[in-house]
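Thanks for sharing this one with me. My notes follow as numbered points, with charge pairs up front.

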Amino acid sequence: MFQVQREILVAFAFTLLAPSLARADDPNGGAVMEVNGQKKGLYPIAAPVAPDGDAVAKEIAQVESFDLSVAGVFKVLDPQSFLADLKTEGLGIEPQKWKDVGAYGVMKYKATPDAIEFRLYEVSKGANPSLTKTYKRAGSDTRKLVHRWCNEVVKYYTNEPGFFGSQIAFTAKGKGTSAIYAMDFDGSNAYAVSHNSSTNILPAWSPSGGQIAYTSFMRSNPDLYVGPAGGGRPTKVSGQRGMNTGAAWSPDGSKIALTLSKDGNPEIYIINAKDGSIVKRLTNDKAIDTSPAWSPDGGSIAFVSDRNGGPQIFVVSVAGGTAKQVSFNGSYNTTPTWSPKPGKHIIAYTTRDGGTYDIVTLDLDSKAMVRITQNAGQNEEPAFSPNGRAIAFARAGQGIFIANADGTGEAKKVWSGSATGVDWGPAPKD
């Protein structure tokens, strides 16, 4: 038997069931980035600091550079390579100067106390901007406006929405306690969602982004609570005897899949999201079944079970029936999560490869597997960005990272500290 990573803080429920396990922790200019499913090279783009160089100008360029660097489709060029005279150019560009440093795209902006004007140039198309946006500005919303702009840039090139401005929830571990936190996807504006001194684990965003479900021991038993995403008073939704853990919302937000052990063995159930009444028992096996993840189309639930030996990923229809094992790479696979990409059936999960824990993705149709992390600490708890192009995860003892979902590039740290239970919220609302 085993102790599933997502349930590791619910140790009392597993003490008699399992021994303890250690936790893990040549591009085409101006083209859409993917054509007929064939991955093209990263698009070289420049995000220079506006020539006035004040604190706001530097912040805008920093946010632009970070956003595009984690978008999964751009290569942000080193400012040290720029040949253009930025002061002379102003909001325009001299195309040849940018072509000479390998830029295919150039982003310019001008900030005033009242607004920020953004421009995107495609070098091959000359000195006229391909995209222009102006946003009214009110004090401290600079980062939000830059995120909106970068989402427009991503949509222009890929015809997909960006995820900039979305949020990530996670469990922040303290001495003897753990709290639910949320933050902007880039690590800024972190705040506490739970406000008690007990153990709080496994946050799950509602599809609307307005609520977060999580398990708390505030009344001794691991009960499931749902509270405002902004951190208000939560409501106990499921208080069955034993475990009420690992919430996964249905796509329409009306139901929640979770693990209940009320009958003595951890099984997957579906409950009503408003009152916690049991809608259906989805699994019935003597093994441990846990960590449910609801597919974006609403028809399937992935979960973890040791029914065939070590913990593996299984998928079962929401209508019921026989669960099918889908992971076979090794003897320890946990914490599944679904890619939101339309028409795709891809899951990411934690796998133990030798003595380390890493993140992989698996295409359930083609069986293609992609390694997201390797030789970089103990990694766990993957969560896809709202457009499926990035994956957030926890690295034991280090913090929360974001990596490209196609396995390219290096992961970027967005939060430092001891974290687990990562969940990425829905797309931002303008």
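1. Which residue forms a salt bridge with Lys97? The partner is Glu94, and the closest N and O atoms of the pair are 3.9 Å apart. A salt bridge here is a side-chain nitrogen of Lys or Arg within 4 Å of a carboxyl oxygen of Asp or Glu. Lys97 is partly exposed at 31% relative accessibility, and Glu94 is partly exposed too, with a relative accessible area of 35%. For these classes, buried means under 20% relative accessible area, exposed means over 50%, and partly exposed is in between (1.4 Å probe, protein chains only).

2. A word on the ground rules before going further. This is a predicted model, in which local features need pLDDT of at least 70 and side-chain atom pairs count only at pLDDT 80 or more, while totals for chains, interfaces and linings use all residues. Residues are numbered from 1 along each chain as its sequence is written, and side-chain values use heavy atoms, with hydrogens and water left out.

3. Now the overall picture. The protein has 5 helices and 31 strands; these are DSSP runs numbered from the N terminus, helices being H or I with at least four residues and strands being E with at least two. The radius of gyration is 23 Å, which agrees with the value near 22 Å for a compact globule of 430 residues. That radius is taken over C-alpha atoms, and the globule rule is 2.2 Å times the number of residues to the power 0.38. Along the principal axes, the C-alpha atoms fill a box of roughly 75 × 45 × 35 Å.

4. On surface and burial, 52% of the 430 residues are buried. The accessible surface comes to about 17700 Å², and carbon and sulfur atoms account for 49% of that surface. The areas come from the Shrake-Rupley method with a 1.4 Å probe; for residues, only the protein chains shown count as cover.

5. Charges deserve their own point. The protein carries 44 positive and 41 negative charges, and the mean positions of the two sets are 3 Å apart. Lys and Arg count as positive and Asp and Glu as negative, with His and the chain ends not counted. Each charge is placed at NZ of Lys, CZ of Arg, CG of Asp or CD of Glu. Side chains of opposite charge can pair when their charged atoms come close. The count of salt bridges in this model comes to 16.

6. What does Glu267 pair with? Glu267 forms a salt bridge with Arg281, with the closest N and O atoms 3.4 Å apart. This pair links distant parts of the chain, 14 residues apart: Glu267 is in strand β17 (residues 267-272) and Arg281 is in strand β18 (residues 278-281). Glu267 is buried, with a relative accessible area of 1%, whereas Arg281 is partly exposed at 33%.

7. Glu267 has further contacts that I would like you to look at. A polar contact of 3.1 Å joins its side chain to that of Asn265. A polar contact is a pair of N or O atoms within 3.5 Å; within protein, one must be able to donate a hydrogen and the other to accept it, and residues adjacent in sequence count only if both atoms are side-chain atoms. In addition, a polar atom of the Glu267 side chain lies 3.0 Å from the backbone nitrogen of Asp285.

8. Another charge pair is formed by Arg371 and Asp358, whose closest N and O atoms are 3.3 Å apart. Arg371 lies in strand β26 (residues 369-371) and Asp358 in strand β25 (residues 356-363), so this salt bridge ties together parts that are 13 residues apart in sequence. Arg371 is partly exposed at 28% relative accessibility, while Asp358 is buried at 2%. Elsewhere, salt bridges that share partners join Lys262, Asp263, Glu267 and Arg281 into one network.

9. Two backbone angles are worth a look. Lys367 is not a glycine, but has a positive phi of about 70°; this residue sits in the loop between β25 and β26 and is exposed at 54%. Asn375, not a glycine either, has a positive phi of about 55°. Asn375 is in the loop between β26 and β27 (379-384) and is exposed, with a relative accessible area of 78%.
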